[in-house]
Amino acid sequence: MKPIQLFDTASSTYTYIVFDPASHDAIIIDPVDAQLMRDLKVLREQGLRLVWALETHAHADHITSAGQLAELAGVKTTAPQGCGINSASVLLKDGDTLDFGHEQVRALHTPGHTAGSMCFVWRDHVFTGDTLLINGCGRTDFQSGSAAAMYHSLTEVLFKLPDATTIWPGHDYQGRSHSTIGHEKAGNARVAGKTLPEFIAIMDSLHLPPPKRMNEAVPANLHLGLRHDAPLLHALIERAAEGYAGDVSAALAAQWWQQGDAVLVDVRTEAELAWVGFVPGAIPIPWKQWPGMAMNQAFDETLQAAVPKGKKVLFLCRSGVRSIAAAKRATELGLQAYNILEGFEGDPNEQAQRGQRGGWRGNGLPWRQS
Ligand SMILES: N[C@@H](CCC(=O)N[C@@H](CS)C(=O)NCC(=O)O)C(=O)O
Ligand SMILES: [Fe+2]
């Protein structure tokens with residue numbers, strides 16, 4: 001079994017998803033904020049339930065999406081205890097293990113790139129973060145880095161793993177994907193066959209420019225990528241759901257709709273549209289069914305006629321209950337159906353601030369009062 005390896009080109013960062021094939025419980029290692037939607041999509045497509053998000057260290061070159069994954073997917077966050085990421089729900093010490101389904105990862109404290117850096121061992125694989133890279137290693141010239149500590153972590157911790165262990169690095173800047181402990185022990189240009197003074201001399205002579213996003217990334221990552229004052233209410237989100245394609249935020253729904261990728265169907269009753277307000281351009285197909293009631297043929301037929309082949313359908317109701325029922329029915333009819341989270345009402349605070357006769361709602365949907 002292999003991990004799913006994902007790449008962020010902007011920062012050359014590898015993110016990993018590892019899962020238990022029996023329970024479908026999964027973990028994600030070093031997720032990147034710009035790839036949040038991609039990662040949620042992979043999880044949904046593979047039918048995985050994310051249980052842990054792990055950070056190998058406080059990154060200096062990109063912002064983690066762990067905080068957003070916690071808010072959107074309910075994942076529990078973990079970080080090495082020596083990295084100052086104190087908002088993580090679990091802080092890991094050397095040797096700690098995390099279970100996901102019948103699988104387990106073990107944390108190895110490997111200081112050097114940063115003082116708190118960790119690697120994670122799973123079966124005969126090791127996720128080495130920015131400690132051991134392919135034919136290289138993480139830099140040691142900032143963020144509590146230490147070449148001497150790195151030398152010890154490489155030679156006394158990682159190189160003590162079996163030679164056949166597959167290495168999955170946190171970055172690669174030359175398109176390589178993985179290596180093995182045996183291979184790096186024998187040929188890694190920075191450390192193989194080097195004494196400690198030789199290694200320190202090599203690290204001291206690198207003179208790498210600082211990561212471009214360092215001043216922004218490090219403080220953000222100490223809070224798992226979330227700013228205290230930035231509510232996620234209107235973020236563009238898409239998440240897995242059972243019985244239909246998924247849940248989306250109103251903002252993302254509006255984007256798909258405006259791009260012409262999706263049809264927007266409002267399932268509220270005529271009376272509600274008249275009294276509460278409506279979304280101009282949305283197709284009204286009221287959902288008038290409840291458990292035990294025979295299927296409403298009119299709903300099925302109008303819906304099928306309204307959604308062109310190849311387009312998604314987005315369902316909107318008042319609070320997000322009927323839209324789920326409608327999305328499930330549409331899925332049975334063979335459509336790619338999504339439920340819009342929060343419904344038309346959305347956030348009560350925002351609703352109070354809304355203009356009287358219409359305009360654009362804060363969540364991205366236009367609306368008008370009849
Ligand atoms: N050029 C990249 C930074 C690259 C960099 O410094 N990467 C760090 C990991 S955060 C490293 O340890 N690199 C080791 C190396 O390039 O040998 C950026 O601006 O973001
Ligand atoms: Fe790093």
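Visitor: What does a salt bridge require, and how far apart are the closest N and O atoms of Asp300 and Arg329?

Guide: A salt bridge is a side-chain nitrogen of Lys or Arg within 4 Å of a carboxyl oxygen of Asp or Glu. In this predicted model, Asp300 and Arg329 form such a pair. Their closest N and O atoms are separated by 2.6 Å.

Visitor: How many salt bridges does the count come to?

Guide: Side chains of opposite charge can pair when their charged atoms come close. With the 4 Å limit applied, the number of salt bridges is 16.

Visitor: Is Lys160, which forms a salt bridge with Glu156, buried or exposed?

Guide: The closest N and O atoms of Lys160 and Glu156 are 3.0 Å apart. Glu156 has a relative accessible area of 41%, which makes this residue partly exposed. The value for Lys160 is 56%, and the cut-off for exposed is over 50%. Lys160 is therefore exposed.

Visitor: Which residue meets Arg213 in a salt bridge?

Guide: Arg213 is partly exposed, at 32% relative accessibility. The partner is also partly exposed, at 43%. The N to O distance between the two side chains is 3.0 Å, and the partner is Glu216.

Visitor: Where does ligand 1 sit?

Guide: Ligand 1 is surrounded by 13 residues, and the closest include Asp130 and Tyr173. As for the site, ligand 1 occupies the largest pocket.

Visitor: What percentage of the accessible area of ligand 1 does the protein cover?

Guide: Oxygen atoms of ligand 1 have polar partners in the protein: a side-chain N or O atom of Arg139 at 2.7 Å, a polar side-chain atom of Arg190 at 2.8 Å and a polar backbone atom of Lys212 at 2.9 Å. On its own, ligand 1 has 510 Å² of accessible area, and the share covered by the protein is 83%.

Visitor: How many residues of the shell around ligand 1 are charged?

Guide: Asp130, Arg139, Arg190 and Lys212 are among the closest residues, and Asp, Lys and Arg count as charged. The shell also holds 5 nonpolar and 3 polar residues. The number of charged residues is 5.

Key
Residues are numbered from 1 along each chain as its sequence is written. Chains are lettered from A and ligands numbered from 1 in the order in which they are written. This is a predicted model: local features need pLDDT of at least 70, side-chain atom pairs count only at pLDDT 80 or more; totals for chains, interfaces and linings use all residues. Side-chain values use heavy atoms; hydrogens and water are left out. A residue is near a molecule or strand if one of its heavy atoms lies within 4 Å of it. A polar contact is a pair of N or O atoms within 3.5 Å; within protein, one must be able to donate a hydrogen and the other to accept it, and residues adjacent in sequence count only if both atoms are side-chain atoms. Accessible areas come from the Shrake-Rupley method with a 1.4 Å probe; for residues, only the protein chains shown count as cover. On a 1 Å grid over the protein atoms alone, a cavity is a set of points where a 1.4 Å probe fits but cannot get out, and a pocket is an open set with protein on both sides within 12 Å along at least five of seven lines; lining residues have an atom within 4 Å of a point. A molecule sits in a cavity or pocket if more than half of its atoms lie within 2 Å of its grid points. Buried means under 20% relative accessible area, exposed over 50%, partly exposed in between (1.4 Å probe, protein chains only).
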